[in-house]
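Me: I should like to understand how the descriptive terms applied to a protein model are justified. Please take them one at a time.

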Amino acid sequence: MSSRGTAPRISGIDHLVLATPDLDRASDQIRTLLGWEPALTTEGQGGGLTVQLFSLGNCALELMAPTGPGPMGDRLRAVLADQGEGLASLAFSTADVARVHRRLTHLGMEPDPIVAAASTGADGQTHHWQRTRVGPAHCPGLKLFVLERAAPLVPGTPLPGAEHARVSGLDHVVIRSPNPDRAAALFGARLGLDLRLDQTAPQWGARLQLFRCGDAIVEVAHDLKAGLGDGPDQLWGLSWRVGDADAARARLAGAGLNVSEVRAGRKPGTRVFTVRDRTRGVPTLMVEPAAPRGPAAEPALD
């Protein structure tokens, strides 16, 4: 059957960008946290940047640091001086960025023109992609991109140790929002993500919205005590999947990280623990999904 006329779709999360002033230290800590070697290190587009990519089962984490003279390096230094180290942007994946661009345009989202780009890593492998950015006025506080890759990213080399003790992929990304209805309109109606849960939970002090995005979840968390507002949203935290929470905790504790005890997660059947340091300022949770594993929807980084 022809797909002509079907709606263009976001199919998952391609990568998240973590802006850091110290690439070497950040790389060492993220390597330990995830249990993987980086898959790619390259000069960033625009000059003055170095980008390092950790590729996992369903997304990648991209470290970006100013490492030399150049306009983009100077721009990132200004961002770090203003906002500090942490999550800087989110890129969704699609098989047809041109069609997504047309949809965003028709919805008045003012996407940037599509840009084609390529990067070559130290191994000589070249990666090609095309991307657009959602108009900043329509996602206040967030830098959101939609990206089409010519070929899938190849994972890096796993660190020595048991497979079930290292991260297998992203479980969910947490966005804090003062205006959950605005966020629901953005991620659901306009970007087309599947809203799986919209729950006000006074016992947690939050309204939680879970949007399925490929094999991961975009969670929007609203602080009930803060009340509604028109301020910016914030890319806030990450939750990573592991095969065995006890083994993953032991691995990280053995590497000297401050980790909580393993506890039952809020989603029935899940087991979780919190990583309290060496996460480059990103609140981080490890989740062992319930068996049999489906797309996880752990409600919050608690």
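**Terms and their grounds**

Reply: The protein has 5 helices and 16 strands; helices (H or I, at least four residues) and strands (E, at least two) are DSSP runs, numbered from the N terminus. This is a predicted model, in which local features need pLDDT of at least 70 and side-chain atom pairs count only at pLDDT 80 or more, while totals for chains, interfaces and linings use all residues. Residues are numbered from 1 along each chain as its sequence is written, and side-chain values use heavy atoms, with hydrogens and water left out.

Me: How do you know whether the radius of gyration agrees with that of a compact globule?

Reply: The radius is taken over C-alpha atoms, and the globule rule is 2.2 Å times the number of residues to the power 0.38. For 302 residues the rule gives a value near 19 Å, and the protein has 19 Å, so the two agree.

Me: Why are β2 and β6 said to stand at the edges of the sheet?

Reply: Two strands pair if DSSP finds at least two bridges between them. The open sheet has 8 strands in the order β2-β3-β4-β1-β5-β8-β7-β6, with mixed pairing. β2 (40–43) and β6 (115–120) each have a single partner strand, so one side of each is left without a neighbour in the sheet.

Me: What makes β6 and β7 a pair, and in which sense do they run?

Reply: The definition asks for at least two bridges; β6 and β7 (residues 126–133) have 6, in the antiparallel sense. Within this pair, Ala118 stands opposite His128 in β7.

Me: What makes a space a cavity, and how many cavities of 30 Å³ or more are there?

Reply: On a 1 Å grid over the protein atoms alone, a cavity is a set of points where a 1.4 Å probe fits but cannot get out; a pocket is an open set with protein on both sides within 12 Å along at least five of seven lines, and lining residues have an atom within 4 Å of a point. Grid points are joined across faces, edges and corners, and a volume is the space filled by probe spheres set on the points. The search finds 2 such cavities, and the second largest holds about 40 Å³.

Me: What is the volume of the largest pocket?

Reply: The largest pocket has a volume of about 880 Å³. Of its 35 lining residues, those closest to the centre include Glu62, Arg131 and Phe145. β7 gives the most to this lining, with 5 residues.
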